[in-house]
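Welcome! Below are some worked exercises to help you find your way around a new structure. Try each task before you read its solution.

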Amino acid sequence: MSNVLIIDDDLQMCTMLCDLVHHVDHEAAYAQTLAEGLRLALTGGFDVIFLDVRMPDGNGLEVMKDILEIDFPPEIIVMTGMGDSDGAERAIRNGAWDYIQKPLSPKKIIQPLNRVLQYRDNIRSANRPTRNLKRAGIVGGSYQIQECLDTVAKASQSLSNVLITGETGTGKELFARAIHANSSRSRHRFVVVDCAALPETLVESALFGHEKGSFTGADKATEGLVGLANGGTLFLDEVGEMNLNLQKAFLRVLQERRYRPVGSKKEVESDFRLVAATNRNLSEMVDKGGFREDLLYRLNAVSLTLPPLRERLQDLPGLVKQLSAKVYATLGIKPKLVSQDFIATLGSYHWPGNVRELVNILESSISDAYYEPELFSKHLPERIRITMARSAVAPVVRDTAGVPGSVSDAPVFEIPAGLAPVPGDAIEGDGTSASSLATFKVYREAVLNRAEKKYLQELMKATRGAIKEACAISGLGRTRLYTLLKKHSVDRMGWGVKE
Ligand SMILES: Nc1ncnc2c1ncn2[C@@H]1O[C@H](COP(=O)(O)OP(=O)(O)OP(=O)(O)O)[C@@H](O)[C@H]1O
């Protein structure tokens with residue numbers, strides 16, 4: 001899906017073009033002044049701009065230079081008046097992709113639009129670092145996961161240390177394995193060090209190995225995890241749990257790639273690539289003296305932040321499909337159908353345990369439906385069904401910090417009860433006279449409009465106008481969000497904070 005911006009002072013023209021663009025499954029936004037059009041264009045994210053030359057606040061061609069200066073700029077299709085051959089020539093000279101003459105017809109718009117989008121797709125796929133990436137079991141087509149995969153692709157090509165952060169169960173180990181699998185070290189070992197589980201007394205020996213007889217019970221020499229990772233990747237899981245002594249020892253190993261096994265006189269070398277992961281905020285730990293700043297600096301050459309599942313619910317159906325296939329294979333049973341209400345219920349949950357929790361829930365639901373052909377929400381664990389039942393009667397609000405944790409944080413999958421039309425609404429009627437009822441279509445549209453507006457107001461309030469955060473929370477594309485804000489006259493800047 002691509003994003004199209006229309007800059008034209010004629011409202012009818014704008015809505016006609018928006019409809020056409022939506023009709024061919026792309027997103028569209030419009031601006032009726034040059035100033036507003038330029039502002040939107042400079043926020044980035046547009047693939048194509050239809051630009052009218054004659055605007056109330058200036059000549060469209062004058063803003064082209066500014067637009068074409070942004071990173072990976074959109075292509076501009078200039079709309080000129082009938083017979084304005086000078087304007088057409090200037091448009092091309094100024095770097096326009098094409099020009100079209102008014103009056104416009106759907107064909108005049110769709111043809112160049114398709115061509116320009118095809119051209120941009122070609123450029124994108126030629127540059128996309130992920131085009132040959134092994135996903136190593138990572139499921140998800142959301143833009144958040146795509147961005148993470150881009151980082152995996154770049155990190156795999158380099159030798160830099162990588163720090164992966166994210167809530168528990170977001171797939172930190174899975175992504176670390178993907179970096180290894182796509183790197184030139186993939187034929188060597190991927191060695192996991194769980195820093196939270198290292199036995200305190202034997203930490204050094206576990207990591208660096210020991211010589212025979214170096215302590216009671218050391219009846220033979222061992223290599224240690226750092227040595228085992230030679231040529232491969234060392235994955236330091238839960239790195240925030242390392243105590244300060246170990247942090248100091250590790251910093252030295254990282255700097256020199258050399259260490260001394262316990263009881264040995266000689267230092268040995270290990271050529272490993274380091275990937276570390278944590279669900280803790282290491283910068284905060286540095287401030288409080290719990291983590292070494294110099295170590296954090298070393299670990300964090302490339303950083304990869306994994307999104308929580310609640311922020312990419314569009315990945316749920318794919319995750320359910322792939323993760324349950326594994327469960328069917330393990331149990332040796334036939335795959336089951338998945339009902340809409342099963343997915344909708346999962347979508348209304350806030351997922352504190354992320355994908356790991358989803359795996360557990362699927363295992364439990366599939367066992368519960370063992371002899372039945374289809375998964376319904378009644379097969380879900382009770383706590384999930386209770387959350388769903390509560391959210392059906394409580395209005396959906398997010399607290400201003402956007403912190404999840406209660407029923408009221410559930411993402412909107414259905415129109416919550418609090419947003420339904422109130423008694424006395426013209427469209428609702430008094431419930432006694434059939435003739436006072438609106439048509440279903442009118443009723444539905446009114447309810448949806450109100451729900452959309454309420455949602456956008458809450459969203460802008462919770463994010464204090466930060467569009468990037470609002471997109472992440474709502475799952476809406478930037479253009480779609482702008483279009484909706486405009487449609488419902490919800491003022492993002494009313495909250496006074498810019499991106
Ligand atoms: N995007 C994904 N696609 C498929 N499976 C996933 C994805 N993310 C996580 N998983 C699965 O979820 C489970 C937890 O993943 P993983 O152990 O990598 O998470 P983690 O972030 O390292 O968790 P923790 O912080 O608790 O150690 C695993 O079974 C993993 O395969």
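Helices (H or I, at least four residues) and strands (E, at least two) are DSSP runs, numbered from the N terminus. Keep in mind that this is a predicted model.

**Exercise 1. Place Phe376 and describe its surroundings.**

Step 1. Start with the elements on either side: Phe376 sits in the loop between β16 (374-375) and α16 (382-393).

Step 2. Next, count neighbours. A residue is buried if 20 or more other C-beta atoms lie within 10 Å of its own, and exposed if 12 or fewer. Phe376 has 18 other C-beta atoms within 10 Å, so it is partly exposed.

Step 3. Now look for partners. Setting aside neighbours within four places in sequence, Phe376 is in contact with Ser339, Asp341 and Phe342.

Step 4. Finally, try a distance. Phe376 and Ser365 are 11 residues apart along the chain, and their C-alpha atoms are separated by 8.7 Å.

**Exercise 2. Do the same for Leu481.**

Step 1. Leu481 belongs to helix α19 (residues 478-487).

Step 2. Is Leu481 buried or exposed? Leu481 counts as buried because it has 22 C-beta neighbours inside 10 Å.

Step 3. Beyond its neighbours within four places in sequence, Leu481 is in contact with Ile467, Ala470, Cys471, Ser474 and Leu476.

Step 4. Take Cys471 from that list. Leu481 and Cys471 are 10 residues apart in sequence, and 7.2 Å separates them from C-alpha to C-alpha.

**Exercise 3. Describe how helix α13 packs against α15 and α14.**

Step 1. Know what to look for: two packed helices are described by the angle between their axes and the distance between the axes.

Step 2. Begin with α13 (residues 316-331) and α15 (residues 354-368), which pack at an angle of about 50° with their axes 10 Å apart. That angle makes α13 oblique to α15. Their crossing is right-handed.

Step 3. Which residues of α13 and α15 meet? From α13 come Leu319, Val320, Leu323, Ser324, Val327 and Leu331, and from α15 come Val355, Leu358, Val359, Leu362, Glu363 and Ile366. Sorted by class, the residues of this contact are 10 nonpolar, 1 polar and 1 charged.

Step 4. Turn to helix α14 (residues 340-347): its axis and that of α13 come within 10 Å and cross at roughly 115°. The crossing of α13 and α14 is right-handed. Leu316, Pro317 and Val320 of α13 make the contact with Ile343, Leu346 and Gly347 of α14. Here the classes are 5 nonpolar, 1 polar and no charged.

**Exercise 4. Find out how covered helix α7 is, and what surrounds the ligand.**

Step 1. Count the buried residues: 7 of the 10 residues in α7 (residues 172-181) are buried, and the helix is mostly covered. They are Lys172, Phe175, Ala176, Arg177, Ala178, Ile179 and His180.

Step 2. Ask what lies over them. The cover includes α6 (143-157), β8 (162-165), β9 (190-194), β10 (233-237), β13 (273-278) and β14 (302-305).

Step 3. Move to the ligand, which 17 residues surround, the closest being Val139, Gly171, Lys172, Glu173 and Val355. The elements that give two or more residues to this shell are α7 and α15.

Step 4. How many residues of each class are in the shell around the ligand? There are 6 nonpolar, 8 polar and 3 charged residues.

**Exercise 5. Track down some unusual backbone geometry.**

Step 1. Recall the usual case: most residues other than glycine have a negative phi, and most peptide bonds are trans.

Step 2. Look for positive phi. Asp25 is not a glycine, yet its phi is positive at about 70°. Asp25 is in the loop between α1 (11-23) and β2 (27-31), and it counts as exposed with 8 C-beta neighbours inside 10 Å.

Step 3. Ala136 has a positive phi near 50°. Ala136 is in the loop between α5 and α6 and is partly exposed, with 16 other C-beta atoms within 10 Å.

Step 4. Look for a cis bond: the peptide bond from Lys102 to Pro103 is cis, with omega near 0°. Pro103 is in the loop between β7 (98-101) and α5 (106-127).

Key. Residues are numbered from 1 along each chain as its sequence is written. This is a predicted model: local features need pLDDT of at least 70, side-chain atom pairs count only at pLDDT 80 or more; totals for chains, interfaces and linings use all residues. Axes are lines fitted to C-alpha atoms, for helices over the stretch in contact, and angles run from 0 to 180 degrees between N-to-C directions. Angles under 35 degrees count as roughly parallel, over 145 as roughly antiparallel, 65 to 115 as roughly perpendicular and the rest as oblique. A crossing is left-handed if the near helix is turned anticlockwise from the far one by less than a right angle, and right-handed if clockwise. Two residues are in contact if their C-beta atoms, placed from the backbone, lie within 7 Å. Ala, Val, Leu, Ile, Met, Phe, Trp, Tyr, Cys and Pro count as nonpolar, Asp, Glu, Lys and Arg as charged, and the others, Gly among them, as polar. A residue is near a molecule or strand if its C-beta atom, placed from the backbone, lies within 6 Å of it.
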